[in-house]
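I opened this model to go through its packing, one spot at a time. My notes follow in the order I looked things up.

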Amino acid sequence: MQLKNVYERTQVRLKRIFSSFDNIYISFSGGKDSGVVLNLCIDYIRRHNLPVRLGVFHLDYEAQYRMTTEYVDRVFAENRDILDIYRICVPFKVATCASMHQRYWRPWEEDKRNIWVREMPEGAYTRDDFPFFNDRMWDYEFQMEFARWLHERKNAKRTCCLVGIRTQESLNRWRTIYSAKFANHYYGLKWTKKLFDNVYNVYPIYDWRTSDIWTANGKFRWDYNQLYDLYYQAGVSIEKQRVASPFISAAQEHLKLFRVIDPDTWGRMVGRVNGANFSSLYGGTSAVGWHSIKLPPKHTWESYMHFLLSTLPEQTRQNYLRKLAVSIRFWRETGGCLSDDTIEKLRRAGVKIEVGDSTNYHTTKKPVRMDYLDDIDLPEFRELPTFKRICICILKNDHACKYMGFTPSKKEQETKQQILDKYKSIMQ
């Protein structure tokens, strides 16, 4: 039997999706992956003459490339006959690594209308359209609650949100697909994940590679964000080309390109988002710890960490200290999962460790308990607990400490759960 390629496998998934869900919408950022998912669905609906309307959920972050906005406008205008468009212009909290003392900024704040990067698009959905919205809400929390809101609004039996993530992109995205329990899949399909009762996320291109994305765009002559052409001409590798929020850690080192590619928008962004200009100048240098970082004379990494913390506002300093305390306790009491090869390297380096036999995590690696190190010269540096890593987080304005492998804290998860429980009780 001839093996199917990723496009053919996705066609099988789409057939299952459109036959199983009566309410289907796509999370569309204007990037290459979500753009391909949208084109796949539009093409599928038209080829099969399906009597359905496809929802498109677009978080408009106000401060984004003009080319992204133009691409989104084009797609919406050309397919209005089959699309239900939800263009969201809401002042939720958006993570930023551009500022040392601000963890977030808010697009479309009404009291900052005079310095908005651009005018709000016609027909946009605002905070007044969503009874669940509150000022404490982050953008990712909004996405979750939007799914429930739309499910109820459509009086749907079963809702799915198509998300264009691929496991090749990052370990976190791989975990999104493969770490979910079987019971949280839709009929055991690993490319689905249950959000609420009868509401699912679906990842139809999870097994695509970056080259597959561009092969599909070329083969089927699909429209795409022309920003990628400029990235390519600027020498940015296809794996690092991003059009998401330019202020997150992953995009920080490319902020300098924004000034060249879209100078008009950039001029307004500098006055809109704290630290944007600094990040564009130094985001790819050791000034924010992304590349070669050197320890100042007469400092250990631990003492340098305390110095850096002393320069921060109290709230920001306490945030890093809480993360550090959680990490120290985790490595001492639970232990991080490391490979046999890494464990052997630590032993040869004379590091005191305790190796367990098994872990509750789905991995063949072993749990290793150890104290924080100042620094260690191993290829697995990013897997190990060192004060140098927390220094890098501080210098990168990585308030969430993603560089240290952090997911949302217990307090953040509890806050999120309180919100979910609140709306669950309302539904009941």
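I began with charges placed over rings. The charged end of Lys-388 sits over the ring of Phe-381, at 5.5 Å from the ring centre. Arg-148 gave me a second case: its charged end sits over the ring of Phe-196, 3.9 Å from the centre. I keep in mind that this is a predicted model.

**Helix α14**

Lys-388 is one of the buried residues of α14, so I asked how many of that helix's residues are buried. The count is 9 of 9, and α14 is mostly covered. I listed the buried residues: Phe-387, Lys-388, Arg-389, Ile-390, Cys-391, Ile-392, Cys-393, Ile-394 and Leu-395. What covers them? The cover includes α11 and α12. I then stepped past the end of the helix. α14 is followed by Asn-397, and I noted a positive phi there, near 55°.

**Ile-390**

I picked Ile-390 for a closer look; it lies in α14, which spans residues 387–395. Is Ile-390 buried or exposed? Its relative accessible area is 1%, and the cut-off for buried is under 20%, so Ile-390 counts as buried. I set aside neighbours within four places in sequence and asked which residues Ile-390 is in contact with. They are Met-305, Tyr-320, Cys-401 and Met-404. Tyr-320 is 70 residues away along the chain, yet the two C-alpha atoms are separated by 8.1 Å.

**Helices α11 and α12**

Next I checked the two helices named in the cover of α14. Two packed helices are described by the angle between their axes and the distance between the axes. For α11 (residues 301–310) and α12 (residues 314–334), the axes come within 9 Å and cross at roughly 150°. I recorded the crossing of α11 and α12 as left-handed. From α11, the contact is made by Met-305, Leu-309 and Ser-310. From α12, Arg-317, Tyr-320, Leu-321 and Leu-324 take part. Met-305 and Tyr-320 are familiar from my Ile-390 contact list.

**Nonpolar cores**

I turned to the cores. The largest nonpolar core has 68 residues. Which residues have the most contacts inside it? They are Ile-88, Phe-130, Phe-142 and Phe-146. Helix α2 (residues 32–47) gives the most to this core, with 8 residues. Another core lies apart from it, with 34 residues. Among the residues of that other core are Met-370, Ile-390, Ile-392 and Met-404.

I looked up Phe-146 in the largest core. Phe-146 is buried, with a relative accessible area of 0%. Residues up to four places away in sequence aside, Phe-146 touches Tyr-25, Phe-57, Tyr-86, Ile-88, Phe-130 and Phe-132.

**Aromatic pairs**

How many aromatic pairs does the structure hold? I noted 36. Tyr-86 and Phe-146 form one of them: 5.6 Å centre to centre, with 70° between the planes. Planes over 60 degrees apart count as edge-to-face, so this pair gets that label. The pair links distant parts of the chain, 60 residues apart. Tyr-86 is in strand β3 (residues 83–88), and Phe-146 is in helix α4 (residues 139–153). Tyr-86 is buried too, at a relative accessible area of 4%.

I added a second edge-to-face pair, Trp-214 with Tyr-228: 5.3 Å centre to centre, 70° between the planes. Trp-214 lies in helix α6 (residues 210–220) and Tyr-228 in helix α7 (residues 227–233), so the pair ties together parts 14 residues apart in sequence. Trp-214 is partly exposed, at 22% relative accessible area. Tyr-228 is buried, at 3%.

Finally, I checked one aromatic cluster. Its members include Tyr-25, Phe-57, Tyr-86, Phe-130, Phe-132, Phe-142, Phe-146 and Trp-149.

**Ser-34**

I also looked up a residue of α2: Ser-34 has its place there. Ser-34 is buried, with a relative accessible area of 6%. Neighbours within four places aside, Ser-34 is in contact with Ser-27, Phe-28, Ser-29 and Gly-164.

**Whole chain**

I closed with totals. The secondary structure comes to 15 helices and 11 strands. Buried residues make up 50% of the 428 residues in the chain. Of the contacts with a separation of 6 or more, 68% join residues 24 or more positions apart.

How values were computed:
Residues are numbered from 1 along each chain as its sequence is written. This is a predicted model: local features need pLDDT of at least 70, side-chain atom pairs count only at pLDDT 80 or more; totals for chains, interfaces and linings use all residues. Side-chain values use heavy atoms; hydrogens and water are left out. Helices (H or I, at least four residues) and strands (E, at least two) are DSSP runs, numbered from the N terminus. Buried means under 20% relative accessible area, exposed over 50%, partly exposed in between (1.4 Å probe, protein chains only). Contact means heavy atoms within 4.5 Å. A nonpolar core is a set of buried Ala, Val, Leu, Ile, Met, Phe, Trp, Tyr and Cys residues joined through side-chain atoms within 4.5 Å. Rings of Phe, Tyr and Trp (its six-membered ring) pair if their centres lie within 6.5 Å; planes under 30 degrees apart count as stacked, over 60 as edge-to-face and the rest as tilted. A charge sits over a ring if NZ of Lys or CZ of Arg is within 6 Å of the ring centre and within 35 degrees of the ring normal. Axes are lines fitted to C-alpha atoms, for helices over the stretch in contact, and angles run from 0 to 180 degrees between N-to-C directions. A crossing is left-handed if the near helix is turned anticlockwise from the far one by less than a right angle, and right-handed if clockwise.
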